[in-house]
Amino acid sequence: MPEKKKRQSKIVKFFSVLGPGLVTGASDDDPSGIATYSQAGAQFGLATLWTALITFPLMASIQEMCARIGIVTSQGLTSTIRNNYPKPVLYLMILFTFPAVVLNIGADIAGMGAVANLIFPSVHAIIFTVAFTFILMMLIIYLPYQKMSAFLKYLCLFLLLYLVVPFLSKQNWASIAKHTFIPTIHFNKAFIGILVAILGTTISPYLFFWQATMEAEDVQHQQKKLIVNKRVIQKMDWDVDFGMLFSNIVMFFIILTAGTVLYNGGIHQIDTVEQAAKALEPIAGKLAYLLFAIGVIGTGFLAIPVLCGSLSYILSDTFGWSGSLDKKYYEAKPFYWVIIISLIIGLGINYMGISPIQALIYTSVLYGVTSPVMIALILHISNNKKVMGEFTNGKWSNIFGFITLILMTAAVVALLYLQFAG
């Protein structure tokens with residue numbers, strides 16, 4: 001009996017450590033991520049499975065840098081840039097981040113509306129998108145961050161749906177292992193495009209800002225002044241690593257599910273949510289659409305507050321507005337108006353005539369193009385002793401950080417070359 005209680009206490013202790021890292025990792029598998037991974041599996045089968053293995057240490061290293069910046073400075077990424085770098089650097093960062101985040105919000109809202117319409121065809125998708133936008137607005141404005149954070153953790157469970165499907169049919173595990181550990185690269189526009197999209201949706205700029213800000217806010221919420229030491233940094237590392245591992249496991253299984261079900265079923269191009277939902281048919285049959293809808297809507301409610309919050313923190317820190325998700329609306333009106341306006345603009349993107357699936361994938365590609373600029377800046381900050389003191393990057397952080405920068409830059413350059421070379 002004492003042994004059982006001891007094990008339970010260890011489990012409780014482990015999950016109590018998890019916070020911003022888990023939410024950040026789970027929100028990374030938002031509707032745009034689900035669409036991108038599903039398209040990768042449908043279009044190329046198992047050929048992109050290796051990306052899940054490669055992106056884990058890369059995204060974990062970048063998110064760890066952002067988290068460390070937040071803990072050490074007790075500030076978000078934007079405030080750190082504003083206080084230590086020339087203004088043009090700050091404005092360049094906004095220029096590269098703002099459009100992609102707004103498009104992401106709009107694409108996620110569109111995806112949520114489309115899957116709700118899948119379940120209730122008699123109700124137009126636009127009605128659902130308006131309803132979801134209003135509900136999100138109310139939740140973000142009136143729900144304190146601490147409650148919202150707990151709420152977001154439970155929504156992570158929706159992402160576990162994809163882990164079951166590959167085990168329901170006979171698999172060629174030797175082929176799966178080969179594609180997981182031996183990279184396959186086709187030097188053509190379609191493959192490089194999906195590669196950039198995968199990198200962009202896993203290593204997304206909005207997550208950099210969210211991670212740093214949430215860590216900084218956690219520090220500010222401490223009853224006693226937090227003394228940053230190796231133990232604090234190690235605790236943060238566990239949280240970030242677990243969150244990123246969770247994200248990459250889900251990514252792996254979505255690609256595997258789509259590569260097994262859709263690719264083998266002759267669906268090689270996903271243009272509608274119905275096609276993407278068919279990936280879950282082996283586990284759900286006629287309920288596939290319902291489970292897919294629950295997954296997309298759940299991850300939308302998980303990711304959109306993170307997207308809007310990131311954008312609001314960026315602009316508030318840039319222009320010196322007082323505001324955070326812990327403050328009430330009347331205490332931080334400019335902060336919340338950024339959230340309201342970003343949601344309305346995101347909703348407006350639904351009227352541009354782009355299909356929800358294409359909008360979700362375009363978002364990932366745009367992130368892939370803009371991320372290298374932000375990664376270069378984060379590497380500079382986390383190696384800056386004036387900012388980080390004794391907590392600058394170690395050897396491995398720099399190695400993985402620069403590999404991430406080089407890999408993402410090379411993928412973007414290759415995509416642009418193939419795009420303009422015809």
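These legends accompany several close-up views of one predicted model.

The model is predicted, so local features need pLDDT of at least 70 and side-chain atom pairs count only at pLDDT 80 or more, while totals for chains, interfaces and linings use all residues. Residues are numbered from 1 along each chain as its sequence is written, and side-chain values use heavy atoms, leaving out hydrogens and water.

**View 1. Confidence along the protein.** Mean pLDDT (the predictor's confidence in each residue, from 0 to 100) is 84 for the protein, and 87% of its residues reach 70 or more. Among the elements, helix H1 (residues 2-17) has the lowest mean, 52, and helix H9 (residues 173-181) the highest, 94. Helices are DSSP runs of H or I with at least four residues, numbered from the N terminus.

**View 2. A charged pair in helix H4.** Here glutamate 64 and arginine 68 form a salt bridge, with their closest N and O atoms 2.8 Å apart. The term means a side-chain nitrogen of Lys or Arg within 4 Å of a carboxyl oxygen of Asp or Glu, and the count by this rule is one. The two partners are separated by about one helical turn because they lie four residues apart in helix H4 (residues 50-73). Glutamate 64 is buried (under 20% relative accessible area, 1.4 Å probe, protein chains only) at 9%, and arginine 68 is buried at 4%.

**View 3. Serine 312 and its neighbours.** Serine 312 sits in helix H15 (residues 288-319) and is buried at 0% relative accessibility. Beyond its neighbours within four places in sequence, serine 312 contacts (heavy atoms within 4.5 Å) Phe335, Tyr336, Val338 and Ile339.

Key. Helix = DSSP H or I, 4+ residues; strand = E, 2+ residues; numbered from the N terminus. Buried < 20%, exposed > 50% of the residue type's maximum accessible area, 1.4 Å probe, protein only.
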